[in-house]
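Thanks for making room for me today. I'd like to walk you through one chain, starting from a single residue and working outwards.

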Amino acid sequence: MTELSISTGAGAFDAIAAGPPEGRPVLLLHGFPQTGLAWQRQIAELAAHGYRGVAPDQRGYSPGARPERPEDYRMSLLVDDVVAITEELGWEAFDLVGHDWGGAVAWWTAAAHPGRVRTLTVVSTPHPGALATALRTDEDQRSRSHYMIDWRETPATEERMLAHDAQLLRALYAGKVPQDSAEAYVRHLRRPGALTAALNWYRAGRPDGRIGVIDVPTLYVWSTDDSAFGPAPAQETERWVNGPYRFETLQGVSHWVPEEAPETLNRLLLEHLRAHGEYRTAAHAPSPDSPKR
């Protein structure tokens with residue numbers, strides 16, 4: 001495992017990487033409240049099979065790419081970061097993996113740049129269109145998502161999360177994230193400005209645009225004990241993918257899939273990558289923007 005600094009027009013992104021530089025490139029996007037370290041088990045497994053895995057600390061998590069305004073964390077800019085990072089790495093096409101907020105960015109990136117995303121793997125986070133439908137129609141999902149409204153308060157949320165030796169922040173990992181990783185995340189987010197930047201992802205407002213269906217081969221992994229995303233949007237997600245689609249449910253696993261069930265996720269990810277090794281969406285006609293009926 002090596003550490004990188006990836007310079008872009010939006011700033012410098014810290015990252016961890018492994019695998020041969022000439023290996024098939026895979027970009028892995030973390031969520032809240034974590035860093036690229038969340039993918040260390042996946043990157044190690046990818047490297048062992050000849051892939052080149054890179055997991056950046058995303059906008060706000062990297063000190064060198066940390067704007068202060070919430071509006072600088074809107075979705076279109078987060079997608080631009082993915083494009084800029086992969087261009088700096090020299091990747092014309094790449095496989096994209098995301099969890100939590102990183103999963104949301106991955107969905108939007110695959111929709112906006114299908115010619116560059118070879119395959120898509122999303123863990124936990126349903127397609128944004130499926131989530132929007134569930135928030136309108138499913139009381140269970142509305143209840144699960146209510147925390148996002150509370151977290152938009154500033155600076156009250158930062159104060160609550162960091163009070164009493166970051167007790168609330170530590171509690172978010174629910175004992176499912178390895179202790180050394182959880183401590184690394186807490187140390188990272190206690191640094192001046194870091195937690196506010198991470199919370200600005202919630203404060204940026206609605207995405208500036210609409211997302212359509214996904215044409216690239218997609219693996220979606222959801223777990224039954226996920227506190228943030230319920231079964232309604234997970235099952236609805238299939239309607240928003242027109243490309244080859246695989247939906248896997250992990251029984252008894254919490255939201256923190258990459259770290260709680262790394263062996264299972266690694267197996268599914270490698271199967272997905274091998275199944276679609278030469279897929280190029282540019283050769284396929286784009287699908288309609290609306291979900292399947």
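Let's start at His 272. Leaving out residues up to four places away in sequence, His 272 touches Thr 119, Leu 120, Thr 121, Pro 217, Thr 218 and Leu 219, where contact means heavy atoms within 4.5 Å. His 272 sits in helix α12, residues 262-275. With a relative accessible area of 4%, His 272 is buried; for the record, buried means under 20% relative accessible area, exposed over 50%, and partly exposed in between, with a 1.4 Å probe and protein chains only.

Before I go on, the ground rules. What you're looking at is a predicted model, so local features need pLDDT of at least 70 and side-chain atom pairs count only at pLDDT 80 or more, while totals for chains, interfaces and linings use all residues. Residues are numbered from 1 along each chain as its sequence is written, and side-chain values use heavy atoms, with hydrogens and water left out.

Okay, the overall picture. The chain has 12 helices and 8 strands; these are DSSP runs numbered from the N terminus, H or I of at least four residues for helices and E of at least two for strands. The radius of gyration is 18 Å, close to the 19 Å from the globule rule for 293 residues, so the chain is as compact as a globular protein of that length. That radius is taken over C-alpha atoms, and the rule is 2.2 Å times the number of residues to the power 0.38. If you prefer a box, the C-alpha trace spans about 55 × 45 × 35 Å along its principal axes.

How much of the chain is buried? Of the 293 residues, 56% are. And if you take contacts between residues at least 6 apart in sequence, 78% of them join residues at least 24 apart. On the outside, the chain exposes about 12400 Å², with carbon and sulfur atoms supplying 50% of that; the areas come from the Shrake-Rupley method with a 1.4 Å probe, and for residues only the protein chains shown count as cover.

Now a few buried spots, going along the sequence. Gly 53 is in strand β4, residues 52-56, and at 0% relative accessibility it counts as buried. What does Gly 53 touch, not counting residues up to four places away in sequence? The list is Ile 16, Ala 17, Ala 18, Val 26, Leu 28 and Ile 43. Take Ala 17 from that list: Gly 53 and Ala 17 are 36 residues apart in sequence, but 5.5 Å apart in space, C-alpha to C-alpha.

Next, Thr 86, in helix α2, residues 75-89. Thr 86 also counts as buried, at 0% relative accessibility. Setting aside neighbours within four places in sequence, Thr 86 is in contact with Leu 27, Trp 91, Phe 94 and Arg 116. Pro 25 is 61 residues from Thr 86 in sequence and 9.2 Å from it in space, C-alpha to C-alpha.

Moving on to helix α4, residues 128-137: the buried residues there are Pro 128, Gly 129, Ala 130, Leu 131, Thr 133 and Ala 134. Which elements cover them? The cover includes α3 (101-112), α5 (139-144) and α10 (231-236).

The part I'd scroll to next is helix α7, and the loop just ahead of it. Pro 155 is in the loop between α6, residues 147-151, and α7, and a cis peptide bond joins Thr 154 and Pro 155, with omega about 0°. Then comes Thr 157, in α7, residues 156-171. Thr 157 counts as buried at 1% relative accessibility, and its side chain reaches the backbone oxygen of Glu 153 at 2.9 Å. Beyond residues up to four places away in sequence, Thr 157 touches Asp 150, Trp 151, Arg 152, Leu 199 and Arg 203.

Further along α7 there's some backbone worth a look. His 164, in α7, has a positive phi of about 55° although it is not a glycine. Ala 166, in α7 as well, is not a glycine and has a positive phi of about 60°. Buried or exposed? His 164 is exposed, with a relative accessible area of 67%, whereas Ala 166 counts as buried at 0%.

One last stop, back towards the N terminus. The peptide bond from Phe 32 to Pro 33 is cis, with omega near -10°, and Pro 33 is in the loop between β3 (25-29) and α1 (40-48).

Notes:
Polar contact = N/O pair within 3.5 Å; in protein donor to acceptor, adjacent residues only side chain to side chain.
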